[in-house]
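Let's take a walk through this protein together, from the overall build down to single residues. Have the structure open and turn it as you read.

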Amino acid sequence: INAFLQCSLFSDWQVICGTRSIEAGGNASKLDPQRVRLVELDVLDVVSIKRAADEVAKIAPDGIDCLINNAGVLDGESLFETNVDGVMDVTEAFLPTMNEGATWLVTSSSAGTRLMASLPESDSSYLLSPNLTLPGLRERVKVLAGRDEVDNYALTKLACNCYTQLLARSNPKLLVKAVSPGFTKTGMCDNYTGKRQPKSASLGATVFVEAMFGVG
């Protein structure tokens with residue numbers, strides 16, 4: 001959030017931040033109380049998602065210009081529910097609030113593209129087909145999740161990439177992109193003990209700025 005607030009291209013933007021609880025997101029609102037609004041949003045709860053979308057519609061009655069799906073986990077029981085179902089549920093709930101020409105972004109990963117490249121041609125051609133449907137995507141993801149050689153985190157990002165293509169085809173008046181900020185220092189890295197150093201959150205955020213405005 002802070003990286004966006006400091007970017008001159010966002011100087012006149014209002015930021016609405018979804019958070020599982022207002023208390024948990026308190027630090028974000030303190031960054032710039034005049035520009036940052038918090039909305040309670042749990043991507044695992046469709047009732048919470050619907051309530052958040054209704055609240056955003058009241059805060060921004062003229063519509064929103066960008067929706068960024070940034071919630072995600074590396075593993076755990078809620079991996080698919082958070083990284084895939086959460087993205088789809090939030091998107092469907094918020095689409096009516098988005099202005100014509102608005103930008104839709106999802107945080108993806110090169111792990112998804114690497115997995116796609118490693119799949120048998122029968123799977124990759126199915127997933128990359130312009131005739132792919134949402135039910136078809138969901139079903140193929142379930143099939144792939146049952147294979148020992150498939151990394152499930154990578155599979156969630158592959159699913160987001162495919163969903164991005166579906167969304168772009170069905171919403172031609174939106175700018176729809178899957179964005180990979182790279183290995184970035186966020187809460188997901190809290191327990192990371194490897195040698196590779198994650199980039200700063202502000203540097204990772206420049207990828208989103210470039211996706212939105214065409215500049216880094």
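One term will help us along the way: a residue counts as buried when its relative accessible area is under 20%, and as exposed when that value is over 50%. Keep in mind too that this is a predicted model. With that cut-off, look at strand 4, which spans residues 98–107. Strand 4 is mostly covered, since seven of its ten residues are buried.

What surrounds this strand? Strand 4 belongs to an open sheet of three strands, ordered 3-4-5, with parallel pairing. At the edges lie strand 3 (64–69) and strand 5 (175–179), each of which pairs on one side only. Ignoring direction, neighbouring strands here are turned by 15° against each other on average. As a reminder, strands of a sheet pair through backbone hydrogen bonds, either parallel or antiparallel.

You can follow the pairing on both sides of strand 4. Toward strand 5, which runs parallel to it, there are five bridges. Find Leu105 and you will see Lys177 of strand 5 standing opposite. Toward strand 3, also parallel, there are five bridges as well. There, Leu67 has Trp104 in strand 4 as its bridge partner. To get from strand 3 to strand 4, the chain passes through helix 4, and this β-α-β crossover is right-handed.

Now turn to that connecting helix. Helix 4 (residues 79–94) packs on the sheet, where it touches strand 3 and strand 4. The direction of helix 4 makes about 170° with that of strand 3. A good residue to pick out in helix 4 is Thr82. Is Thr82 buried or exposed? Its relative accessibility is 7%, so Thr82 counts as buried. Setting aside neighbours within four places in sequence, Thr82 is in contact with Val43, Leu44, Ala71, Gly72, Val73 and Val87.

Another helix worth a look is helix 6, residues 121–128. Which residues of helix 6 are buried? They are Asp123, Ser124 and Leu127. Viewed down the axis of helix 6, these buried residues fall within an arc of 95°, so they line one face of the helix. The general rule behind such patterns is that an α-helix has 3.6 residues a turn, so residues three or four places apart point the same way. The buried residues of helix 6 pack against helix 5 (110–118), helix 7 (134–145) and helix 8 (152–170).

Finally, step back to the whole chain. The protein has nine helices and five strands, and from the N terminus on they run α-β-α-β-α-β-α-β-α-α-α-α-β-α. Of its 216 residues, 43% are buried. Among contacts between residues at least 6 apart in sequence, 63% join residues at least 24 apart. The C-alpha atoms fill a box of roughly 50 × 40 × 35 Å along the principal axes. How does the radius of gyration fit in? A compact globule of 216 residues would have a value near 17 Å, and the protein has 17 Å, which agrees.

Technical notes: Residues numbered from 1 in each chain as written. Predicted model: local features only at pLDDT ≥ 70, side-chain atom pairs only at ≥ 80, totals over all residues. Heavy atoms only, no water. Buried < 20%, exposed > 50% of the residue type's maximum accessible area, 1.4 Å probe, protein only. Helix = DSSP H or I, 4+ residues; strand = E, 2+ residues; numbered from the N terminus. Arc of directions from axis to C-beta. Contact = heavy atoms within 4.5 Å. Pairing = 2+ DSSP bridges. Axes fitted to C-alpha atoms, helices over the stretch in contact; angles between N-to-C directions. Right-handed = clockwise from strand over helix to strand, strands pointing away. Rg over C-alpha atoms; globule rule 2.2 N^0.38 Å.
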